[in-house]
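The following paragraphs lead through the architecture of a single chain and then through the contacts between chains. The reader may wish to keep the structure in view throughout.

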Amino acid sequence: MLLTTLYIIGITAEAMTGALAAGKRHMDWFGVMLVASATAIGGGTVRDILLGHYPLGWVAHPQYLVITCLAGLFTTIVAPMVVRFHKVFVLLDSLGLIVFSIIGCRVAMDMNLPVLICIVAAVVTGVFGGLLRDLICRRPPMVLHKELYASVAFMAGGMYYGMLYLSIPETITTITTLVVGFFVRVAAVQYGWSLPVFRFDEIENNEPKKAESNS
Amino acid sequence: MLLTTLYIIGITAEAMTGALAAGKRHMDWFGVMLVASATAIGGGTVRDILLGHYPLGWVAHPQYLVITCLAGLFTTIVAPMVVRFHKVFVLLDSLGLIVFSIIGCRVAMDMNLPVLICIVAAVVTGVFGGLLRDLICRRPPMVLHKELYASVAFMAGGMYYGMLYLSIPETITTITTLVVGFFVRVAAVQYGWSLPVFRFDEIENNEPKKAESNS
Amino acid sequence: MLLTTLYIIGITAEAMTGALAAGKRHMDWFGVMLVASATAIGGGTVRDILLGHYPLGWVAHPQYLVITCLAGLFTTIVAPMVVRFHKVFVLLDSLGLIVFSIIGCRVAMDMNLPVLICIVAAVVTGVFGGLLRDLICRRPPMVLHKELYASVAFMAGGMYYGMLYLSIPETITTITTLVVGFFVRVAAVQYGWSLPVFRFDEIENNEPKKAESNS
């Protein structure tokens with residue numbers, strides 16, 4: 001099936017971004033596999049835990065875990081090449097984002113959850129992998145700071161839900177969402193579209209100053 | 001119902017503290033909504049996941065999620081005012097803590113869990129939202145360092161459980177716990193009550209020195 | 001039963017390492033109890049949440065939570081001694097790792113999960129406690145950087161599964177896995193065995209530079 005093929009491409013690409021982040025922190029092979037897997041399948045895992053949707057995808061299909069671990073280890077060999085093909089990477093990552101969003105929305109719809117939760121499921125599936133990667137690697141979560149990422153997942157989820165709600169056939173809905181979502185995401189990267197940033201630098205009195213200075 | 005009204009006030013206040021923390025990290029609007037929601041409903045979410053209590057509150061009632069997202073975005077506009085009304089804020093936050101603790105204890109009691117787990121559920125509901133906020137915003141978790149916060153949640157949970165156990169009517173129990181808990185928390189802030197701190201600065205040999213110096 | 005006794009020794013030792021980490025961050029008593037408990041029973045908790053295995057161990061048996069909290073508080077008194085008996089500590093920690101791995105594998109096997117998931121359950125149970133400790137204490141996760149830790153859990157899980165699969169009696173399987181796993185772990189510490197490290201220091205263009213410099 002189209003979605004499964006694209007899903008495997010998506011988790012492979014995400015696992016590779018996770019492995020590169022682990023490499024920047026000089027992690028060992030286990031760390032590389034853990035961060036690769038958390039990046040690739042962490043979003044779906046968090047979604048399933050939040051929705052109580054068991055068994056988790058990779059528990060039912062351990063082969064996905066094998067793919068993410070191997071993709072992580074493979075990245076330790078081809079890392080310099082990955083950087084050179086950076087543009088291909090951005091495209092695969094964009095594709096992955098939309099595929100994850102569609103799958104997340106689908107899972108919530110199959111559980112007959114309200115529309116808002118279906119869209120939240122799309123966003124969680126799309127962005128929590130990268131969020132986990134950045135938390136484990138102790139760097140500022142990129143998805144909370146830059147570019148349209150969560151917004152694209154939100155749009156893709158809403159579009160997919162809306163088209164199915166209007167009784168448009170599933171294949172057409174999936175392909176339309178994929179194509180539109182993909183181009184919006186690529187355009188967002190290309191033209192640097194982003195959400196407004198909230199800066200709040202005023203200093204409050206009840207901050208734990210001393211502890212902060214240790215960090 | 002009283003508890004629902006107070007709960008909505010509580011999640012609104014907590015969402016605003018989350019949004020301010022996100023603003024200090026210069027997050028975009030999505031980051032603001034995520035941190036606001038994690039702060040406000042993260043405690044109940046962690047509790048429900050730990051207890052296997054599905055569906056999660058905000059999945060069954062998505063309107064709570066709408067409230068926390070809107071409260072977060074609203075904060076980006078009124079941030080300077082929030083600082084000026086800092087004292088009102090502390091009062092609302094204190095109220096929220098007790099309301100969260102009561103609800104957490106109630107959920108565990110409805111599941112017929114042992115008394116210790118009911119009190120732990122109160123503490124988790126009360127403090128994990130702030131803990132998640134601080135982890136996502138990469139700052140020292142305030143709840144682990146300063147002031148009586150978890151202790152007040154512990155006391156409120158124990159009091160609520162104990163009074164119901166003694167067959168005191170639920171309305172009286174709820175109101176008494178609210179009033180006593182609120183004043184203990186406000187007094188703790190006012191007089192700087194806190195738990196003893198454990199300092200352990202001796203240097204062990206098996207620390208990952210080099211990695212630590214990167215942080 | 002042997003495994004229960006060793007489990008209690010294991011969570012006590014792990015709780016103490018958690019408390020020491022909390023002390024280095026100058027946490028208060030609540031922080032100490034939280035980090036101690038997360039270190040000791042966090043691995044099993046994450047495993048059970050991932051597998052949908054409810055109720056969690058410590059919810060069904062709150063006495064384990066009492067043990068980890070008391071061990072944490074006890075550590076605030078005996079901390080200097082703990083350092084002096086550092087070697088005993090490493091031995092108990094190694095024992096704990098193998099016991100956790102065996103229990104994790106056992107739980108997954110009782111749920112009739114595929115072999116790979118049983119071994120992943122062993123690794124998660126063995127290493128996620130320490131990972132949570134390091135995330136909460138905001139230090140580089142030791143388990144992702146140094147020494148054979150996850151690998152030993154992997155080996156112990158695989159050995160336990162394999163021997164049972166070959167119809168070797170459970171008592172013999174448990175004791176053999178304990179003894180072999182323990183010595184491999186101690187040897188790994190003694191001789192500094194470790195997995196290869198992946199270093200990737202090339203600078204990408206799409207990093208959130210400014211945000212990173214705040215950290």
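Read from the N terminus onward, chain A follows the pattern α-α-α-α-α-α-α-α-α. In this predicted model, chain A accordingly comprises 9 helices and 0 strands.

How do these helices pack in space? The C-alpha trace of chain A spans about 60 × 45 × 40 Å along its principal axes. A compact globule of 215 residues would have a radius of gyration near 17 Å, and the 18 Å of chain A agrees with that expectation. Of the 215 residues of chain A, 57% count as buried. The contact pattern concerns sequence separation: among the contacts in chain A with a separation of 6 or more, 75% are accounted for by residues 24 or more positions apart.

One residue may serve to illustrate the interior of the chain. A:Arg133 is located in helix 6 of chain A. Is this arginine, A:Arg133, buried or exposed? Its relative accessible area is 10%, and because the threshold for burial is under 20%, A:Arg133 is classed as buried. Leaving aside residues up to four places away in sequence, A:Arg133 touches A:Thr17, A:Gly18, A:Ala21, A:Val35, A:Thr39, A:Arg139 and A:Met142. Two of these partners can be placed by the residue ranges of the helices: helix 1 of chain A covers 2-24 and helix 2 covers 29-51, and A:Thr17 and A:Val35 are among the residues that A:Arg133 touches.

The discussion now turns to the interface of chain A with chain C. The contact draws 39 residues from chain A and 41 residues from chain C. Between them, chain A and chain C bury about 3,700 Å², with 68% of that area on carbon and sulfur atoms. Which polar interactions accompany this area? The rule finds 0 salt bridges across the interface of chain A and chain C, whereas 7 residue pairs are in polar contact there, both residues being at pLDDT 80 or more. On the side of chain A that touches chain C, the elements giving two or more residues are helix 1 (2-24), helix 2 (29-51), helix 3 (57-60), helix 4 (63-84) and helix 6 (115-136) of chain A. Helix 2 of chain A gives the most to this side, with 7 residues. By class, the residues of the side of chain A that touches chain C divide into 22 nonpolar, 10 polar and 7 charged.

Chain C also meets chain B. Here 41 residues of chain B are in contact with 38 residues of chain C. The area that chain B and chain C bury between them is about 3,600 Å², 68% of it on carbon and sulfur atoms. In chain B, the residues that lose the most area to chain C are B:Leu144, B:Phe198 and B:Phe200, which together make up 21% of what that side buries. Between chain B and chain C the count of salt bridges is 0, and the rule finds 7 residue pairs in polar contact, both at pLDDT 80 or more. The elements that give two or more residues to the side of chain B that touches chain C are helix 2 (29-51), helix 6 (115-136) and helix 9 (209-214) of chain B. Helix 6 of chain B gives the most to that side, with 8 residues. The side of chain B that touches chain C has 26 nonpolar, 3 polar and 12 charged residues.

How values were computed:
Residues are numbered from 1 along each chain as its sequence is written. Chains are lettered from A and ligands numbered from 1 in the order in which they are written. This is a predicted model: local features need pLDDT of at least 70, side-chain atom pairs count only at pLDDT 80 or more; totals for chains, interfaces and linings use all residues. Side-chain values use heavy atoms; hydrogens and water are left out. Contact means heavy atoms within 4.5 Å. Buried area is the accessible area (1.4 Å probe) that two parts lose on being put together, summed over both. A salt bridge is a side-chain nitrogen of Lys or Arg within 4 Å of a carboxyl oxygen of Asp or Glu. A polar contact is a pair of N or O atoms within 3.5 Å; within protein, one must be able to donate a hydrogen and the other to accept it, and residues adjacent in sequence count only if both atoms are side-chain atoms. Helices (H or I, at least four residues) and strands (E, at least two) are DSSP runs, numbered from the N terminus. Ala, Val, Leu, Ile, Met, Phe, Trp, Tyr, Cys and Pro count as nonpolar, Asp, Glu, Lys and Arg as charged, and the others, Gly among them, as polar. Buried means under 20% relative accessible area, exposed over 50%, partly exposed in between (1.4 Å probe, protein chains only). The radius of gyration is taken over C-alpha atoms; the globule rule is 2.2 Å times the number of residues to the power 0.38.
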